[in-house]
Amino acid sequence: MRLSFEERKSRVIELLNNPISTCSQKVRLCLHEKQLEFVNTTLDFRKKEHLSPSYLKLNPNGVVPTLLHDGRPVIDSSVIIEYLEDVFPEKPLSPADPYERARMRAWLRYIEEVPTTAIRVPSFNKAFVRHYSDLEDQALQANADDRPLRKHFYQRMGRSGFSEKETEASLQQLENTIARMDAALAQTQWLIGDELSLADYCVVPTIDRMRDLGLSQIWKGAGNFKRWWQAIQQRDAYQKTYFPGSRVSDIYTDLRDAS
């Protein structure tokens with residue numbers, strides 16, 4: 001029997017998330033890399049469990065993930081991974097040197113603002129928009145109105161997906177991300193020096209989603225990037241994060257040929 005949100009407060013670490021959510025994947029990667037035990041609780045998007053009144057009390061943005069630590073909610077995936085770094089420093093994912101930490105945070109802000117937002121457009125165009133194609137105008141507007149944080153995103157998507165102009169802009173942002181990473185990785189093993197950091201795991205879900213959507217041709221000539229990507233996929237945390245059912249092509253089987 002599923003525990004209520006109130007009953008879950010007795011657990012030490014719990015992640016309220018969804019398997020295919022890229023932001024959820026980011027946090028799962030860091031939890032596994034730091035070898036932290038946690039309760040992995042799935043919220044069903046189709047049932048709108050992330051928009052239920054009880055969940056909105058924990059996360060008023062109505063998005064996943066939410067981390068519960070000793071019953072206290074921490075929201076926003078990037079805030080969560082930095083919180084984990086503060087509270088559980090035993091296996092660090094941040095450089096010790098303040099200047100190098102600043103460089104890492106600059107990558108985090110770039111990844112949050114550019115590829116993390118850009119990947120949503122092809123994700124919805126190729127996978128999720130199909131659920132809204134038959135909605136009447138009133139139902140379509142009500143669905144957008146239900147979203148505290150992404151109302152206007154759903155309004156722009158409508159029932160037929162994002163415009164060609166917005167799609168092209170998103171793909172260009174993803175291309176720019178790969179180019180920037182490839183240049184940085186010419187000098188170091190990971191994005192910040194020779195140690196894996198939060199910056200690497202922050203961008204991994206976007207890269208994995210790109211491949212899942214058939215966009216891997218974007219890094220065809222990016223040798224430094226491809227070396228990094230191969231190394232990421234060998235890590236135990238990556239293997240644990242991407243279990244069966246955690247990719248959109250696991251659910252939308254028509255995408256498998258693309259990936």
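Okay, let's start with a question: is S78 buried or exposed? Keep in mind that we're looking at a predicted model. S78 sits in helix α3, residues 77-87. Its relative accessible area is 7%, and the cut-off for buried is under 20%, so S78 counts as buried. As for its company, leaving out residues up to four places away in sequence, S78 touches K26, E112 and C202.

Now, the aromatics. There are 14 aromatic pairs in the structure. Take W107 and Y110: the ring centres are 6.1 Å apart and the planes sit at 85 degrees, so we call that one edge-to-face. Both residues belong to helix α4, residues 98-113, and they're three apart, about one turn of the helix. Both are buried, too. And Y110 has another partner: the charged end of R180 sits over its ring, 3.9 Å from the centre.

Another pair I like is F124 with F153, also edge-to-face, with 4.9 Å between centres and 75 degrees between planes. F124 is in helix α6 and F153 is in helix α8, so this pair ties together parts that are 29 residues apart in sequence. Again, both are buried.

Zoom out a bit, and ring pairs link F124, F128, Y132, F153, Y154, F162 and Y252 into a cluster. One of those, Y154, has R147 lying over its face, 4.2 Å from the ring centre.

Last stop, helix α6 itself, residues 120-128. Its buried residues are V121, P122, S123, F124, A127 and F128. What do they pack against? That would be α5, α8, α9, α10 and α13.

Notes
Residues are numbered from 1 along each chain as its sequence is written. This is a predicted model: local features need pLDDT of at least 70, side-chain atom pairs count only at pLDDT 80 or more; totals for chains, interfaces and linings use all residues. Side-chain values use heavy atoms; hydrogens and water are left out. Buried means under 20% relative accessible area, exposed over 50%, partly exposed in between (1.4 Å probe, protein chains only). Helices (H or I, at least four residues) and strands (E, at least two) are DSSP runs, numbered from the N terminus. Contact means heavy atoms within 4.5 Å. Rings of Phe, Tyr and Trp (its six-membered ring) pair if their centres lie within 6.5 Å; planes under 30 degrees apart count as stacked, over 60 as edge-to-face and the rest as tilted. A charge sits over a ring if NZ of Lys or CZ of Arg is within 6 Å of the ring centre and within 35 degrees of the ring normal.
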